[in-house]
Amino acid sequence: MPLGGCLLIPVFGRINEHLMKWYSVLAGFTTAALTVLLIRAAAGQEIAATYWIPGIDASFGLRLTGIGMFVAAVAGCIGSLAILYSIRYMEALEEIYAPTRYYFLTLLFIGSMIALALADNFLVLYIFWEVIGFCSFALIAYEYHRAKARRAGTKAFIVTRFGDIGLLIGVVVLWSAMSRLGAANPFSISATIAAALGGQIPIPVLTIAGFGFLAGAVGKSAQFPLHIWLPDAMEAPTTISALIHAATLVNAGIYLTARTLPMFSMLGWWLPALLWIGAIGALIAALLALVEKDLKRVLAFSTISQLGYMMAAVGAASIFASQFHLLNHAIFKALLFLCAGSVIHAAHTRNMYEMGGLKRALPITHVTFLIGTLALAGIPLLNGFWSKDAIFEAMLEVGQIGPLVILILTALITAVYSWRMYWLTFQGEPRSEGHPHESPWEITLPLALLAVGTLVSWLYVGPYTAKLGLMLPFHQIHEMELGELWSHTMGSPMLLVGLLVVVIFVVLGVQWSRKGAPVPAGPRMWADLVTETKAFGDWFWGFWVVVMRAVASVLALFQTGDLNYNSLWLAIGFVAVLLMFLGWG
Amino acid sequence: MEVLLSIVILSGGALIVYLIGRLSRSRMLTGFVAFVAMLGSAHAVYQVWRILEQGEVTGWPTAVARAPLQSYLTGSYLGVFLAATALLLSSLVAIYSMRYMHRRNIGKFYALLMIMTAGIVGVGFAGDLFTMYVLFEVMSIASFVLVAFEREEWEPVEAGVKYLVISTTGSLLALLAIAIIYSWTGSLDLAAIPALMGAHAGGAQMMGVIAMLVVGFGVKAAIVPMHTWLPDAHSAAPSGISAMLSGIVIEAGLITMLKALLALGSVQFGLLIVILSLVTMFVGNLIALRQSDLKRMFAYSSVAQMGYIVMGVGFALGFPHVAGFAGMRGALYHILNHAIMKGGAFLCAGAFLYLLGTRDMRRLSGIGRRFPLIGVCFLIFALSLAGTPPFNGYFSKVLLVRSGVDVGGIGIFMVIMLILNSVISLFYYLGAVNTVVFGPVPEDRPKTLKPLPLMIVLPIVVLGLLSLLLGVLPQIGLEIVDPAAAEIMALLGAV
C-alpha cells in the first residue's frame, strides 16, 4: 500500500502541495490500520507467493510471522504519526527543500520496512534491506545545502554497507546450499530454517551465513563497532530520526537475528557473540550519552544502548524479551524524539546547555517527555521497565553473568543520563533568550498518543505473546498472561534494579533542584572529542578513508598518461601473464 | 542469411548515412536514418533469435555451401546477446548525438558509429578466427577515429593516438596467437579447432598462446595492467562514444577473448583470470577515488566493473562443472547491466558537459538540481553501479557472488573482495552524487543556462527506466542471457 502510495506523491505534489501532504497522512494511517488488522487476522499463514524470477527459482513470497508482523505494525503506526507530525514540523524547511521528495521517501521507507518484515524470501529481504538503507541516506542528507548533512548521509550508507557485505554473502551461501538440496524455492526463509533444523545444511555453510548475518545486523542496528553512523545521522530532520533511526530501520538488524535465531543457535559461538556485542555496545553508548550536549545525539546514543539490550536478549535466546523491548522502545523512543523535535522547534537549538526551564513554556511536551524519560530509565510500571526486566531475567536464566552485570551497570548509567537530559532541558532557569511557545495540535497529538502508548503498552503482553507463540513454530515461545508477567517480575531479584533506578532519580533530583542543573562551567574539550566520534568511535571509518586515499595515491603514480610508460605496462603485463600461465601449465 | 543482414544493414547503411550527412548537413535527418538502420539490424538479430529458438541453425554461407577455410558467420545465442546489447545502446546514442554533436562532420560521425556497431555485432556472430579478427579490427579502427573525433583539440588526439598504439600492439599479439593456432591445426574454424589440437593441447606452448590471447584481447577489455589507454580515451571521446566504449566496446573485447579461448577447448586456467580480475577491480576502484574529472572517474569505474565481469568469466572457465553456469550468466548479465548503467552515466556526464562545458566535478556542483530529471537518473546510475537494489546492477552481482560461493574456499574469499570493492566504489559514486546533484552552486555560474534538448534527455530517461525495470524484474534480462550462458557452458562440456 505505501509502496504504491509513494508513487502517487509526485503526482499529487504537482497538483497541490496541501493535497499531497494530507494524502500522505491518509496513506500513512491506512497503512497503520492495515498492519494492525494483519495482526488480528494472521495466524502464521503464507500469502501471495507469486513467481518472480523463474530463472533462479525465486518467488516473491510473504509470510506473516509473529516478529515480522509487530515490526511491520510499528513501522506503520509510528510512520503514520511521524507523517502527521511532519506537516507542521517541516514547514520551515519547505521554502528551501521540495516537500515532494520528503513525503515520497518517507512513504517509500515505510512500505519497504513493512515489506522487509513480512518477506519470506532472503533475496527480497536483502533488496528491501538496501532500499531502507538508501531511504535513510537520502533523508539524512535531506537538507543538502549543509555539507554536514550530506557527509552524514554518505557515512550512514557506506558504514552500514560494510555490514551488508556479510549479509549478501550469507544470503547467497544459504541460497547455494538450498538449491543443492533441490528446494523448490531456495530463497524461502522458513524453508531454510526448517532445513537447517533438520540438519540438511552443512555446518560450515551455517557458520559463514551466521557470521555474515551477524555483520549485517551489527551494521544496520548500529552496534559496536559499526555504531559510528547513528549519532551523525542526527543531521536528519527530527521526524526522520524518530521514525527511521529510533523506531524502525535500526530494528531491522534485531529482527533479522531474531528471525534466524533457531537456525544459527545451532552454532555454539553465535549466541554468546550476540550477547557480548550487545552488552559492550550498550555500555559504551551509555557512557558517551553521559557527556553529550546535543539533545538529539543523547537520544541517538541511548538508541544504540537500548539496541544493545535487544541484541543481548536475542543472544540469551529470549525472543519474547527482545521483541517486547523492541516494541516498547520503538514507542517511547519515537515519543522522545518527537518531543525533542518540538523542543528544538521552540528553542531553536539542539544544545541542551542552552535550554533549561522549558517546562512552563511547553507544558504538553514537558509531560510527554517526562513519561518517555521515565520509561527509558526503566522506572517501574512504565513499559520500558517490564521489557528491560524481562531481558535481565532471561540472561539470569541462561546464566550469563558477565553480560548481565554489564547490562545492569548500563541500566544505572541510563538512569543518570536520561534524568540529566530531562533536567537540562526542562527544569531549572532558562539559559538563553527567546520566547518559546507550545507547538500546534498536529505536533502534540502524536506526542499524546505515544505517551499513552508508553504508559499502557505493557498491558498488552498477553495477546502479544499469544500471537508470537502461535506464529513462530521454531522459536518455542509460550503465552504469558499479564498476571504472570506481574508476579514473575515482582518476585524476581531483578526488581532491585528498578528500585535502584528510582533511588538514583530521587537522589539526583534532590541534588539538582538544590544546586541547579548540571551544566558544566566552560566548554569541555574532552567531552566533545569523545562524543563527536572524532577520536574514539571513528577509528574504523578514518582508518579506511586514510588507507584508501594513500593506496590510491600510490597507484596513481603508475598512471602517468605517458605513452612510453603505458607501453611499458603492456609489456610488463604480457610478461607477467605469460609467466603466470607457463608456471601454471 | 539474417546474420549477414544484421551486419550489412549497418555497414551498408553507414555509406548512405555518410552521404546524407554530407549533402543535407542536418543532424536530425542523419541521426534518424542511422537510428532506423539500427532498428533494421535489430530486427534481423531478432529473426536470428527466432530461428535459434526453433532449434535450427543459421549462418552465412550455410554449412553445405561452405568451402574449406572459408570465412563464415554463424548465428549463436552469444552473438544475439552481444548484438542486442550493442544495438540497444548504439540506437540510444544515435538519438542522443542528434543534438549533442556539432553539425560539421555529422555524416562521418554517424557512419563511424554504425561501422563500429557493425564490428561488434559481427564479432559476436563470427564463425572463424579470421572473420572474428577482421571484424574486431573494424570495430577498433572505427573507435580510434571516434575517440579523436574532435580533432581541433589536443586532448582527444593524444588520447586517440595512445589508444591506437597500445590497442594495435595488443591486436598484433592476438594475431600472432591466431597464426600459431592455424599452423598447428590447419583450420580457423572456431568449432573445428578443439578436435584438431591434438598433441598441442594442454602443453606449455598452448599456455603461451593463451597468454597471448588474454593479453592481446585483454588490452581492449581493459584488464589491468593493459588498461592504461582507457582513462584518456574514454574521457576525451565525445560523450556518446564514451558511453559506447565503456558500455559495449570493452565488453566486446572480452567476448572476443572468450570466443578465442573457448576454441582451444576446456583448459583449467580460470583461477589465473580470477586473480587478474581481482587486481583489475582494486586498481580501478582505488584510482577512481582520486578523480575530480567526472568522465575520468567513470572511466576508471569501467575498469573496476570489467574486473567484476572478468571474475565471473574466470569462475566459469576455471570451474565449469561447479560454478560455471552461475558465473557465466552473472558475467553476461553484468555486461548487459553495465551497458545500461554506465552508458547512462556517461550520457548524463555528457549532458552536464553540454550545459557547462566542463567535466570538473567541483565546477559541475549542483547542476543535477537544476535539471531534476537528469539528476534523478544520475543518482539511479550511480547507485546501480554501486550495486544497490532495486536498480539493475545488484542482480548480476548476486549471480557473480553465487558462482564464487559455489566454488567455495578461495571463491568465497574472491567474492568477499568483490563486494568489498563495490562498497569502496560507493565512496566515489556517492561523492559524485553529493557534489553534482546536491552540492552548492558555484558563484560564477551564469543564471540562465541553455535548455537541454529533448533528444539528449530522452535516451538518459530511457536508460534510467530500464535500470529500474531490470532491477525489479531481473527475469527479463535472464531471458536473453541464459541461453547464451548455457551455450558457452555446453562448449565447455558442462550444462
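Let us begin with a pair of helices from two chains: the axes of helix α6 of chain A, residues 147–180, and helix α18 of chain B, residues 410–436, come within 10 Å and cross at roughly 165 degrees. Because angles over 145 degrees count as roughly antiparallel, that crossing makes α6(A) roughly antiparallel to α18(B). The crossing of these two helices is right-handed. I should state that this is a predicted model.

Which residues make this contact? From α6(A) they include A:Phe157, A:Ile158, A:Arg161 and A:Phe162, and from α18(B) they include B:Ile419, B:Leu420, B:Val423 and B:Phe427. By class, the contact of α6(A) with α18(B) comprises 14 nonpolar, two polar and two charged residues.

I turn now to the contact between the chains as a whole. Chain A contributes 47 residues and chain B contributes 51 residues. On the chain A side, α5 (122–140), α6, α23 (539–557) and α24 (563–584) each supply at least two residues. The most comes from α24(A), with 14 residues. The side of chain A that touches chain B has 33 nonpolar, 11 polar and three charged residues.

Finally, a pair within chain A. The axes of helix α7, residues 189–197, and helix α11, residues 251–264, come within 8 Å and cross at roughly 25 degrees. That angle makes α7(A) roughly parallel to α11(A). A:Ile189, A:Thr192, A:Ile193, A:Ala196 and A:Leu197 of α7(A) meet A:Arg259, A:Thr260, A:Pro262 and A:Met263 of α11(A) in this contact. Its residues divide into six nonpolar, two polar and one charged.

Notes. Residues numbered from 1 in each chain as written. Chains lettered and ligands numbered in written order. Predicted model: local features only at pLDDT ≥ 70, side-chain atom pairs only at ≥ 80, totals over all residues. Axes fitted to C-alpha atoms, helices over the stretch in contact; angles between N-to-C directions. Helix = DSSP H or I, 4+ residues; strand = E, 2+ residues; numbered from the N terminus. Parallel < 35°, antiparallel > 145°, perpendicular 65-115°, else oblique. Left-handed = near helix turned anticlockwise from the far one by under 90°. Contact = placed C-beta atoms within 7 Å. Nonpolar A, V, L, I, M, F, W, Y, C, P; charged D, E, K, R; others polar.
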